[in-house]
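Visitor: Hello! I am new here and would love a friendly tour, one step at a time.
Guide: Welcome! Have a look first, and then ask away.

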Amino acid sequence: MYSLGAPEGTPSSSQKILVSWTDGCMDVNLLSLRSEAAGAVRTALTSAEHLQLSLKAGLSQEERALTLHAGGAKKARNDGNEDLKEMLESNKESLKLEAMKRIVGLIAKGKNASELFPAVVKNVASKNIELKKLLYVYLVRYAEEQQDLALLSISTFQRALKDPNQLIRASALRVLSSIRVPIIVPIMMLAIKEAASDLSPYVRKTSAHAIQKLYSLDPEQKEQLIEVIEKLLKDKSTLVAGSVVMAFEEVCPDRIDLIHKNYRKLCNLLVDVEEWGQVVIISMLTRYARTQFISPWKEGAVFDENDVKTFYDSDSEEKRCQTDAKPYIMDPDHRLLLRNTKPLLQSRNTAVVMSVAQLYWHLAPKQEVGVVTKSLVRLLRSHREVQYVVLQNIATMSIQRKQGMFEPFMKSFYVRSTDTTHIKTLKLEILTNLANEANISTILREFQTYVKSQDKAFAAATIQAIGRCATNISEVTDTCLNGLVLLLSNRDEGVVAESVVVIRRLLQTQPTQHSEIIKHMAKLFDKITVSTARASILWLMGEYCERVPRIAPDVLRKIANTFTAEEDIVKLQAVNLAAKLYLTNSKQTKLLTQYILNLGKYDQSYDIRDRTRFIRQLIVPSDKSGALNKYARRILLAPKPAPVLESAFKDRDRYQLGTLSHSLNSKAAGYQELSDWPTVAPDQSVRNVEVIEPVNEWAALVGKSKPPASDDKFYSDEEDDKKEQTSGSSDDDGSSSSTSSSTSSSSSEESGSASEEEEDSSDEFDKSSTDSGKSSGQSSDSESEQKKTTNKNTQKVQAEKRTHNHADSDSDENAERPMAKASSSSSESATSDSDSDSEQDSAAKQKRKSNVKSKPKVEKKSKMEVSLLDLDDFSPTPANTVKSSVVSPSLLSDLEGLSLSGIAPTMQVATPTFGLVKTLELLHHMTGKGLSAKYHFPRQPCLYQPSMVAVQVTLTNCSDRSLEEIHIGERSPASLKIHCFNTVERLEPEASVTVSMGVDFSDSTQAANFELCTKEDRFCVFIQPAVGELLMPCSLTEQDFCKEQGKLLGMNETSATVAMATSNTSSQAITKRVLSVANVGVVASSEGRLHRFAGQTVSSQVLVLVQLEMKDSSGGLLTISTEKSVMASMLLRDLKQALAQA
């Protein structure tokens, strides 16, 4: 019952009765609920007794849970812990195990179970393996909090270190290292040393983890811990590698000498280490490489992986190197690191991919950094947190090497509506960094959409990006400026304000040409309320007051009227404007200036007051001002340099990519800076290891036991296997190649001479070509044999001339070499080959017999030397490449008839028969200062490289002066493969010349951007291929066509109904229309309503089948079958348009 007593008045009797009745009802309801709950509990207990279940919770406890206040809940939890304690003190192992499972479950949910520590620690001596595992999981969690109680069980942990079960030994060491009490440091040190010699790699891994804990507890143990680290670094288990490197980074990151002997082992084991260990090892090896190798970023650097001079330092190689001196040759260990980390770009762990990307960024030659691009773009499909970090690193990369790396993937950085603001801003930053003359129109169209975004911060950032584009690319400055002026009429004040600020910066570059814009902005002064925009307008009025002498005083009048209500930044600019107008137009503005200076003199902000006093003494003559007044005009009206709009990521490259410091743009605790490249290469012999025992994990992969290895090793056990296998294959064959030294051991076979590599590639191609062409008859076999002989002859001559021409090794690095060097070498060979044709023929005849004899050996060796780590090491160079340096004009006609692909027997390359080829403009004579260039696709196989599309360019001199040294300059992206035409030394006025070149479009319609250069100028041009020009005709029988079409179903098939013009319904008209669009071959059809065509992509040689099934006189079903679905869609669109045209 409530106590109803009030001093101000006594309630009536009816109110008392009402309250009493209400309380009575509440008591009755509560009693009824309690009785119902008690009855339910009795029923449950009765059922439990029938089922012989023992429930310790009594009826009174359940009643209390319904009646007690919130404090009862806490007591119930304590009762629950009491139950767990009773179970832990029980004699039954099953109850203890169940209790520990529940306790570990509580820990996993984030609940505190520290009260159970005494009960848990009593059971550490248990012999039950499963129970021990759970006990150690609990003790690792709470040993640091309950140190005193944990110390009571030290002896038990020491005994557990001798347990037969490796998991128990590791868990005991983990618990022991978690007890952070200085008194047990000697015990921990002894345990770590014993665990480091344990037979189980899991226990050794745990000892590496314990090293870090002991070092943080007692740094004085550093020297002893370094000895343990040095021992563990020699461990050959992939399970230990990551953990010990982490301990190395924590304890002694400056002891690089510990890594020397283990460098090659770590590089070779890197692929098999667990993911987080890979991240740590890559980070450490990045720092190591920056101290042990010289910079690969030098001009004219040569990346010859097969140079064996640094391998063995033999006398003959030293002499040859002295005559064949190169400005830079990459250290083999440097190349080993790059090669073995490249496969990790395909890792599912984003941290691993990011680590490899930063390694390539900081260590790889500039032309090889592009291999990380696709992997980084792939990470943009991950969560937004991953996107944020990856985009930050891409933004830094795109500033320095914006040409070629990310430009082909520009669409991946387009902003999506679902992106958050910080993701949008980073993508905007990258797009701005990638902007150039070729793609600025596309980017500006994208920016126009972004300006309309509802995200105000993003819209403002877009306007700033437009200003940066206008500053960096002078060709679009006026366009951007006009677009920003249009934004001044936008309804959004934020957009208008940001536009004003950006326009003000742009006007500083060309103020004399844009006085109208200044006047227009002055008219908007009353409507704009954002302080930064108003201050920008005032600054413009003051800076260019002499160009708008009538408008500037009126703006000063307006600001004087609202001076006291303005922000500080506006007031400061108002004072500056008044001072400048006083100096240039004192008659009209003298009183206004005095008025504003008086207002500023008594302003609340001391900044305004100080500026006002300074300006008054500067512009108003007085006794105190002295000589300073004479220089007022020079001080206030001095010309200001135009501001440089720079990226916010410009200076972030001082931090290592992928680090926290780079993300924060501030040095974080524990950050270790990358050292500069050494000017002189340190001694590489420190990494040589005298004896390397076979690694069990790798021996299992080989599948057989290995004989004892020799002492002259270099990289790893795996490569020793290769050498032994290749040596064995040579002995079995019993023959030697005349092009390589027969006296050298298997080590020379490992490094390989250039001629042997060329024979490998040639023989592999010949073998594949012969295998694929077995069903095509004797003619195809003879054709393949003819190509085999020609390839060998040309390659042998090139190997003989290498000592005279200083040519580079024909390794995979050649694919990455700048094309300008390839062009120069081709031009030199073109002038000299005409004189040496007879020499080539005689040399080929002399060596043909020895080549045929050594062919089985070379083929067998190439099979044995294939390594998964070596695959796709660089951009793939087709094995059947005909080098431009050995193709002379006299051989062109012979090579023209040869097949240039692996399926040559089923393909016939021929020129189209439907008429003239469409000519496109490459460079207009007005833009090219008299040089005009047009190009067309001759639809002939490219003689320089079969994966390239042949392009013929017609150069015309439309000027009245001679043009000299016409050649191809830089290309974009840098990885773009172009076979450049020979330099046109001189082109007279009104003269024309047609040159041939090859472009590898990689089966993409993306334009090939490059520079067409003369002696004086450089012009940016591009070749945009139609999708049909990326094909080459392929002749198939109707049966083969149907068979291949049956394999390309589902997602590999694209079809659409075509509405055809009446003039295109005949068979001849259809063929003409299809061939006008695509370079395909006609397949004979037994059915008149079916029209079939076959071709294959030039680069990847993927089959493309086109079938048109006529439904009626004016329509049909067009089907394209190919694995290239994007190409199929584009080809389908072009064919539909061609067939619909009259």
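**A walk through the strands and cores**

Guide: Let us start with a hairpin: strands S12 and S13 form one, with six residues between them. Please keep in mind that this is a predicted model.

Visitor: How many bridges join S12 to S13, and which residue is the bridge partner of Val1083?
Guide: S12 covers residues 1081-1083 and runs antiparallel to S13, with three bridges joining them. One of the residues in S12 is Val1083, and the residue of S13 that partners it is Arg1092.

Visitor: Is strand S13 largely enclosed or open, and how many of its residues are buried?
Guide: Both faces of S13 are covered. On one side sit Leu1090, Arg1092, Ala1094 and Gln1096, and on the other His1091, Phe1093, Gly1095 and Thr1097, all of them buried. The strand is largely enclosed by the rest of the structure, because the number of buried residues is eight of the eight.

Visitor: Which residue of S14 stands opposite Gly1095?
Guide: S14, residues 1103-1112, pairs with S13 in the antiparallel sense over seven bridges. Their hairpin has five residues between the strands, and Gln1101 there has a positive phi near 55 degrees. Across from Gly1095, the residue in S14 is Val1104.

Visitor: Which residue stands opposite Gly1095 of S13 on the S10 side?
Guide: Strand S10, residues 1031-1033, is joined to S13 by three bridges and runs antiparallel to it. Opposite Gly1095 stands Pro1033.

Visitor: Which strands are at the edges of the open sheet of four strands?
Guide: The order in this sheet is S6-S4-S8-S9, with antiparallel pairing. An edge strand here pairs on one side only, and that describes S6 (984-987) and S9 (1018-1023).

Visitor: By how many degrees are neighbouring strands of that sheet turned against each other on average?
Guide: Take S4 (residues 963-972) and S8 (residues 1008-1013), which are joined by four bridges and run antiparallel. Across them, Arg971 stands opposite Phe1010 in S8. For neighbouring strands of the sheet, the average turn, direction ignored, is 35 degrees.

Visitor: How many residues does the largest nonpolar core have?
Guide: The residues with the most contacts inside this core are Ile103, Tyr138, Leu376, Phe413 and Phe447. Phe447, for instance, touches Leu428, Leu431, Thr432, Thr462, Ala465, Ile466 and Cys469, leaving out residues up to four places away in sequence. Apart from the largest core lies another of 57 residues, with Leu922, Val951, Val953 and Leu1108 among them. The count for the largest core is 195 residues.

Visitor: What kind of aromatic pair do Phe117 and Tyr138 form?
Guide: The whole structure has 12 aromatic pairs. In this one, the ring centres are 6.0 Å apart and the planes stand at 35 degrees. Planes under 30 degrees apart would count as stacked and those over 60 as edge-to-face, so the name for this pair is tilted.

Visitor: How many residues apart are Phe117 and Tyr138?
Guide: Phe117 belongs to helix H5 (residues 117-121) and Tyr138 to helix H6 (residues 129-142), so the pair links distant parts of the chain. Phe117 is buried, with a relative accessible area of 0%, and Tyr138 is buried with 0% as well. Their separation is 21 residues.

Visitor: Why is the pair of Tyr935 and Phe937 given its name?
Guide: Tyr935 and Phe937 are both buried. Their ring centres are 5.9 Å apart and their planes are at 90 degrees, so the pair is edge-to-face.

Visitor: Which ring does the charged end of Arg141 sit over?
Guide: The ring in question belongs to an aromatic cluster formed by Phe117, Tyr138 and Tyr142. The charged end of Arg141 is 4.5 Å from the ring centre, and the ring is that of Tyr142.

Visitor: Is Val1074 buried or exposed?
Guide: Val1074 lies in helix H45 (residues 1067-1077). Leaving aside neighbours within four places in sequence, Val1074 is in contact with Val1080, Phe1093 and Leu1135. The relative accessibility of Val1074 is 4%, and the cut-off is under 20%, so Val1074 counts as buried.

Terms used:
Residues numbered from 1 in each chain as written. Predicted model: local features only at pLDDT ≥ 70, side-chain atom pairs only at ≥ 80, totals over all residues. Heavy atoms only, no water. Buried < 20%, exposed > 50% of the residue type's maximum accessible area, 1.4 Å probe, protein only. Helix = DSSP H or I, 4+ residues; strand = E, 2+ residues; numbered from the N terminus. Pairing = 2+ DSSP bridges. Core = buried A, V, L, I, M, F, W, Y, C linked by side-chain atoms within 4.5 Å. Contact = heavy atoms within 4.5 Å. Axes fitted to C-alpha atoms, helices over the stretch in contact; angles between N-to-C directions. Phe/Tyr/Trp six-rings, centres within 6.5 Å; stacked < 30°, edge-to-face > 60°. Lys NZ or Arg CZ within 6 Å of the ring centre and 35° of its normal.
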